[in-house]
Amino acid sequence: MKGVAEEGATAPAIMISGHGAIADAVEATRAGAFDFLEKPLGRDRVLLAVKNATEQGALRRENERLRELVGIPQKMIGSSPAWARAVEQATLARAPMRVCC
């Protein structure tokens, strides 16, 4: 596991072992394994682990992509009176509220 993490692998790793000690599972997940499977392998358990790892990887990539988009300031343009009112209202909405009297 350590070699995979050090190489900068981006695909999730599933550790498979014939010696299913809890300490081994904990060590593998701390080292970056997505899951730890004991032999003998059950078909359904393997398929579930692969499905979950694939879905998590897709969510991670989507999250990174969305963070990149949010980080890029978007410039909105317009010159109509309605647009000017919308910008003014948005600016007022971001101003701190003042409590009076």
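How many salt bridges does the chain come to? I counted three. Before chasing them one by one, I reminded myself that this is a predicted model, and I started with how far I can trust it.

**Entry 1: confidence**

I looked up the pLDDT values. The chain averages 81, and 78% of the residues score at least 70. Where is confidence lowest, and where is it highest? Helix α1, residues 2–6, is at the bottom with a mean of 59, while α3 is at the top with 91. Note to self: where pLDDT is low, the predicted coordinates should not be read in detail. I'm leaving the fine points of α1 alone.

**Entry 2: the overall plan**

Next I listed the secondary structure. I got four helices and two strands. Walking from the N terminus, I wrote down the order as α-β-α-β-α-α.

Then I checked how much of the chain is tucked away. Buried residues make up 11% of the 101 residues. The chain exposes about 8800 Å², and carbon and sulfur atoms supply 59% of that area. I also looked at contacts between residues with a separation of 6 or more: 20% of them join residues 24 or more positions apart.

**Entry 3: the two strands**

In which sense do β1 and β2 pair? I found them parallel, with five bridges between β1 (residues 13–17) and β2 (residues 33–38). One spot to find on screen is A13, which stands opposite A33 in β2. To get from β1 to β2, the chain passes through helix α2, residues 22–30. I noted this β-α-β crossover as right-handed.

I picked M15 in strand β1 for a closer look. M15 has a relative accessible area of 30%, so I put it down as partly exposed. From its C-alpha to that of E38 I got 8.5 Å, although the two residues are 23 apart in sequence.

I tried G32 as well, which sits in the loop between α2 and β2. The C-alpha atoms of G32 and M15 are 9.6 Å apart, with their positions 17 residues apart along the chain. G32 comes out partly exposed, at 49% relative accessibility.

**Entry 4: an odd peptide bond**

Which two residues does a cis peptide bond join? I found it between K39 and P40, with omega at about 0°. P40 belongs to the loop between β2 and α3.

**Entry 5: the salt bridges, one by one**

Back to my opening question. Side chains of opposite charge can pair when their charged atoms come close. Here is what I wrote for each pair.

First pair: D35 and R45. Their side chains meet at 3.0 Å, N to O. D35 is in strand β2 and R45 is in helix α3 (residues 43–71), so this salt bridge ties together parts that are 10 residues apart in sequence. Is D35 buried or exposed? At 16% relative accessibility D35 counts as buried, because the cut-off is under 20%. Its partner R45 is partly exposed, at 39%.

Second pair: D44 and R43. I read 3.4 Å for the N to O distance in this salt bridge. D44 is exposed at 57% relative accessibility, and R43 is exposed too, with 63%.

Third pair: E55 and K51. The closest N and O atoms here are 3.2 Å apart. Both residues lie in helix α3, and they are four residues apart, about one turn of the helix. E55 is partly exposed with a relative accessible area of 40%, and K51 is partly exposed at 44%.

**Entry 6: what I'm taking away**

My picture so far is two parallel strands with a right-handed crossover through α2. A salt bridge from D35 in β2 reaches over to R45 in α3. Helix α3 is also where I found E55 and K51, and confidence is highest there.

Key
Residues numbered from 1 in each chain as written. Predicted model: local features only at pLDDT ≥ 70, side-chain atom pairs only at ≥ 80, totals over all residues. Heavy atoms only, no water. Pairing = 2+ DSSP bridges. Right-handed = clockwise from strand over helix to strand, strands pointing away. Buried < 20%, exposed > 50% of the residue type's maximum accessible area, 1.4 Å probe, protein only. Contact = heavy atoms within 4.5 Å. Areas by Shrake-Rupley, 256 points an atom, 1.4 Å probe, with all protein chains shown as cover. Salt bridge = Lys/Arg side-chain N within 4 Å of Asp/Glu carboxyl O. pLDDT = per-residue confidence, 0-100.
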